[in-house]
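Student: I'd like to learn how to read a protein model feature by feature. Could you walk me through this one?
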Amino acid sequence: MATAPKFYLTTAIHYTNGPPHIGHAYEMVASDAIARFKRLDGYDVFAMTGTDEHGQKVQRTAAQNGLAPKAYVDQIAERFQQMEERLGCSFDRFIRTTDADHVPSTQELWRRMEANGDIYLAKYAGWYSVRDEAFYGEEETTLLADGTRLGGQGTPVEWVEEESYFFRLKAYQDKLLKLYEDVPNFISPATRKNEIVSFVKGGLEDLSISRTTFDWGLPVPGDERHVMYVWVDALNNYVTGCGFPDETDPRWHYWPADVHIIGKDIVRFHTVYWPAFLMSAGLPLPKRVFGHGFLLSKGEKMSKSLGNVVDPFALADAYGVDQLRYFFLREVSFGQDGNHSHEAIVGRINADLANDLGNLAQRSLSMIAKNCDGMVPARGALTEGDEAMLALADGALGKARAAMQDFALHVVLADLWAVVAEANRYFAANEPWRLTKTDPARRDTVLYVTAETLRQVAILALPVIPDAAGKLLDLLGVGQDARNFSALGEGGRLVSGTALPAPSAIFPRFVEPEDGQAA
Ligand code: ME8
């Protein structure tokens, strides 16, 4: 048997300076849906998420909370793990940068970069944003009237002057530009690529990669007065996760990553610093970096200081996990910013899930239970309309795969719900409920075609709404071994006469609670 192609996907690792917010939930769910899609499509998937636990920001927040850094990050990392579980995510590893295997791995990366002549000791003097854990050139900062200076992302910077190891980033400018040219989809979407190309063309400075004024980080090999810059530590999680530096580790074949899914604010770290470090260390480069947009609450970026952080656990409780996952991935064009609001979430739940999919399933399966002895109905000769309905369902996989080339999850869902809409039209036009007296055989064929369309929709919806789609497949009598993309199309058709369980609703309508406020 041919071995399955591998697919290694990562999310960013999340800072443990506060509990998870819905931006984190959004990234996790989108990444999980891509990982599930690839698994169902026959890939040997390794998907990883985790937490970024070192650095000045985390150390300061721990101190503000009266805790030692490790005690503090343990609490927060646990909350992220709970969120992963609560949102029905299926990652293969949850990595923490305080995991024991991350120390030798990151120190080895450092040693290789040093051995390549890319690390030197000097003095850093410049602006640093603890919030972004990023250095900014003077020209990237703005001075406000009250004397506060802000860095490129609008967060306060402070002056830092200390001995530091530097990475010869400048030496990689041309190699990076060549990479962007040679691998045109290394950075997507295209707008992010353009930003990075012009940033790199504008000239790179060597990068300070160690600090001496705090100690919550990984020690620099051979000079323990220094801790590594948190971004060296953080980015290296992606190779630690698959066994680096032990190239005999069974997970090592997953490297290089097929895609890093990250937010638009950290594209520079992933497409400039990270490939430069890897080139220096002689390691293969990730194939793609996808910078998704921000989920905005009332049009504003969420942050702890803005006080508009929405708790993902509360949202899952209020709307349901699959409902929330569907909303995130259908409503927001993946790659662009998107808004969320109670009205928008309820709109999607009631229109797309309860009405379009849920009602069709409920109506057709109830008719089958009542009229076809609770078995997959017999299928007679197909009309042109039946053939067209099935052809549309059979074509859905091809469209979904095409959209997934660019991780366009919203397009996958829009296309799939176009099939659902057509199935509703088909069902309404054929009026199977009128056929019981006049032509029961024809009624059964219409019910068969509807059920078969639902089967394919459910399998393709599994990555996004795993529980509800699984339940729909239960109701259609589809066995576990037939719940993957190789069962799509003609080869996996429902078998007439298969016994079905009693139908039940898969998506209840969202009803406003008494006080009219769900979340
Ligand atoms: O940046 N909407 O961690 P982080 C969508 N530790 N995505 C959002 C978001 C929002 N409102 N807010 C944040 C870090 N994100 C680093 C990453 S990777 C080696 C180290 C995304 O907790 C953000 O863009 O600030 C990033 O991809 C992820 O959440 C973690 O953000």
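Tutor: Happily! Let's begin with one strand pair: S4 and S5 run antiparallel and are joined by three bridges. Keep in mind throughout that this is a predicted model.

Student: How should I read a strand pairing, and which residue of S5 does Trp-127 stand opposite?

Tutor: Strands in a sheet pair through hydrogen bonds of the backbone, in either the parallel or the antiparallel sense. Here, Trp-127 faces Tyr-136 in S5. The two strands make a hairpin with four residues between them, and Glu-133 in that hairpin has a positive phi near 50 degrees.

Student: What is the strand order in the sheet that holds S4 and S5?

Tutor: The order is S5-S4-S8-S10, an open sheet of four strands with antiparallel pairing. Strand S5 (134-136) and strand S10 (207-208) each have a single partner strand, so one side of each lacks a neighbour in the sheet.

Student: How many bridges hold S4 to S8, and how many hold S8 to S10?

Tutor: Strand S4 (residues 119-129) pairs with S8 over ten bridges, in the antiparallel sense. Within that pairing, Ala-122 lies opposite Ser-164 in S8. Strand S8 (residues 158-167) then pairs with S10 over two bridges, again antiparallel, and Phe-166 stands opposite Ser-208 in S10.

Student: Which strands make up the parallel sheet?

Tutor: Six strands do, in the order S3-S2-S1-S14-S15-S9, and this sheet is open too. Its edge strands are strand S3 (93-96) and strand S9 (187-188), each of which pairs on one side only. At the S9 edge, two bridges join S9 in parallel to strand S15 (residues 289-292), with Ser-188 and Phe-290 in S15 as bridge partners. A helix belongs in this picture as well: H9 packs on the sheet and touches S9, S14 and S15, its direction making about 160 degrees with that of S15.

Student: How do I describe two helices that pack together? Take H5 and H9: what angle do they make?

Tutor: For two packed helices, one gives the angle between the axes and the distance between them. Helix H5 (residues 173-182) and helix H9 (residues 267-281) meet at about 110 degrees, with 10 Å between their axes. Angles of 65 to 115 degrees count as roughly perpendicular, so that is the word for H5 and H9. On the H5 side, Lys-175, Leu-176 and Leu-179 meet Val-272, Pro-275, Ala-276 and Met-279 in H9. By class, this contact has six nonpolar residues, no polar ones and one charged.

Student: Now H1 and H11: what is the angle there, and which residues meet?

Tutor: Helix H1 (residues 22-40) packs against helix H11 (residues 321-331) at about 85 degrees, with their axes 10 Å apart. H1 and H11 are therefore roughly perpendicular. From H1, Tyr-26, Val-29, Ala-30 and Ala-33 meet Arg-325, Phe-328 and Leu-329 in H11. The contact of H1 with H11 divides into six nonpolar, no polar and one charged residues.

Student: Which residues come nearest to the ligand?

Tutor: Of the 20 residues around the ligand, Ala-12, Tyr-15, Gly-23, Asp-52 and Gly-263 come nearest. Strand S1 (6-15), H1, helix H7 (230-235) and strand S14 (259-263) each give two or more residues to this shell. By class, the shell has eleven nonpolar, five polar and four charged residues.

Student: What should I look for in the backbone angles?

Tutor: Look for exceptions: most residues other than glycine have a negative phi, and most peptide bonds are trans. In this model, the bond from Phe-244 to Pro-245 is cis, with omega near 5 degrees. Another cis bond joins Trp-255 and Pro-256, with omega about 5 degrees. Pro-245 lies in the loop between helix H8 (237-240) and S14, and Pro-256 is also found in the loop between H8 and S14. As for phi, Asp-373 is not a glycine, yet its phi is positive, at about 55 degrees. Asp-373 sits in the loop between helix H12 (342-371) and helix H13 (384-394).

Student: Finally, what does the UniProt annotation say about residues 376-510?

Tutor: The unreviewed UniProt entry annotates that span as "domain: Methionyl-tRNA synthetase anticodon-binding". In the model, residues 376-510 are 58% helix and 0% strand, and the end C-alpha atoms lie 30 Å apart.

Terms used
Residues are numbered from 1 along each chain as its sequence is written. This is a predicted model: local features need pLDDT of at least 70, side-chain atom pairs count only at pLDDT 80 or more; totals for chains, interfaces and linings use all residues. Two strands pair if DSSP finds at least two bridges between them. UniProt positions are given in the numbering used here, feature names are shortened, and annotations may be inferred rather than shown by experiment. Axes are lines fitted to C-alpha atoms, for helices over the stretch in contact, and angles run from 0 to 180 degrees between N-to-C directions. Angles under 35 degrees count as roughly parallel, over 145 as roughly antiparallel, 65 to 115 as roughly perpendicular and the rest as oblique. Two residues are in contact if their C-beta atoms, placed from the backbone, lie within 7 Å. Ala, Val, Leu, Ile, Met, Phe, Trp, Tyr, Cys and Pro count as nonpolar, Asp, Glu, Lys and Arg as charged, and the others, Gly among them, as polar. A residue is near a molecule or strand if its C-beta atom, placed from the backbone, lies within 6 Å of it.
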